[in-house]
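Dear colleague,

Please find below the structure that I am handing over to you. My notes on it follow directly after.

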Amino acid sequence: IIIDSVGNLASAKEVEDALAGKQVTDMTRARAMKSLFRMITPHLTIKDIPLIAINHTYKTLEMFSKDVVSGGTGITYSADNIWILGRQQDKDGKELAGYNFVVNVGKSRFTKEKSKILINVSFENGINRWSGLLDNALEAKLVAKPVAGKYQRIDENGEFLGDIYKEDD
């Protein structure tokens, strides 16, 4: 089941108010959203039915703000994974060549939380299937960066193996 987008789902009260011409705020929406996810999550889990819900995010008003999924805590509590996507322009000189998407793992029952997964998509070649692989290899200490712009494989003892590769190899 895919919901695109949770933020665009209207509550019954919101629809009734709009039909009646009332210009009031729906204060029952977050409670109804929490109730909805509380009711459907056990049924989806028992029947092994995946639910992908696309939602909006907003920044908190803390000193060091962070992205939070909108719609109340019900969505956050019942989710197995929460991924917050970001996007950066990938330019070739001054011309836009594509985008670098950053998948920030906000919550997960399966992977390390606070992980960042990088995915490069160019207009010319589409998704780069090796996106983020070098960053993961550097973090796992399978590859070292002996000098700027060059990389070399290393073994479990930290010894260099094989040739040195340039960044664009």
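Gly-7 sits in the loop that runs between β1 (2–4) and α1 (12–19); helices (H or I, at least four residues) and strands (E, at least two) are DSSP runs, numbered from the N terminus. Please note that this is a predicted model, in which local features need pLDDT of at least 70 and side-chain atom pairs count only at pLDDT 80 or more, while totals for chains, interfaces and linings use all residues. Residues are numbered from 1 along each chain as its sequence is written, and side-chain values use heavy atoms, with hydrogens and water left out.

With a relative accessible area of 26%, Gly-7 is partly exposed; buried means under 20% relative accessible area, exposed over 50%, and partly exposed in between (1.4 Å probe, protein chains only). Apart from its neighbours within four places in sequence, Gly-7 is in contact (heavy atoms within 4.5 Å) with Arg-29, Asn-55 and His-56. Its C-alpha atom is separated by 29 Å from that of Gly-126, which lies 119 residues away along the chain.

The same loop, between β1 and α1, holds Ser-5. A cis peptide bond joins Asp-4 and Ser-5, with omega at about 10°. Both residues are also contacts of Ile-54, which touches Ile-3, Asp-4, Ser-5 and Val-6 when neighbours within four places in sequence are left aside. Ile-54 belongs to strand β2 and counts as partly exposed, at 39% relative accessibility. Between the C-alpha atoms of Ile-54 and Lys-107, 53 residues apart along the chain, the separation is 15 Å.

Ile-3 and Val-6 are also members of the largest nonpolar core, whose nine residues are Ile-3, Val-6, Met-33, Phe-37, Val-69, Ile-75, Ala-79, Ile-82 and Ile-84. Both α2 (29–46) and β5 (81–92) supply at least two residues of this core. Here, a nonpolar core is a set of buried Ala, Val, Leu, Ile, Met, Phe, Trp, Tyr and Cys residues joined through side-chain atoms within 4.5 Å. One of the core residues, Val-69, touches Asn-55, His-56, Thr-57, Tyr-58, Ile-75 and Ile-82, not counting residues up to four places away in sequence.

Two residues other than glycine have a positive phi and may merit your attention when you view the backbone: Asp-48, with phi near 55°, and Lys-141, with phi near 60°. Asp-48 is placed in the loop between α2 and β2 (52–54) and is exposed, at 67% relative accessibility. Lys-141 is placed in the loop between α4 (133–139) and β9 (143–147) and is likewise exposed, at 58%.

As for the protein chain as a whole, its secondary structure comes to four helices and eleven strands. The radius of gyration is 22 Å, well over the 15 Å that the globule rule gives for 169 residues, so the chain is more spread out than a compact globule. That radius is taken over C-alpha atoms, and the globule rule is 2.2 Å times the number of residues to the power 0.38. Along its principal axes, the C-alpha trace spans about 70 × 45 × 35 Å. Of the 169 residues, 20% count as buried. Among contacts with a separation of 6 or more, 28% come from residues 24 or more positions apart.

Yours sincerely
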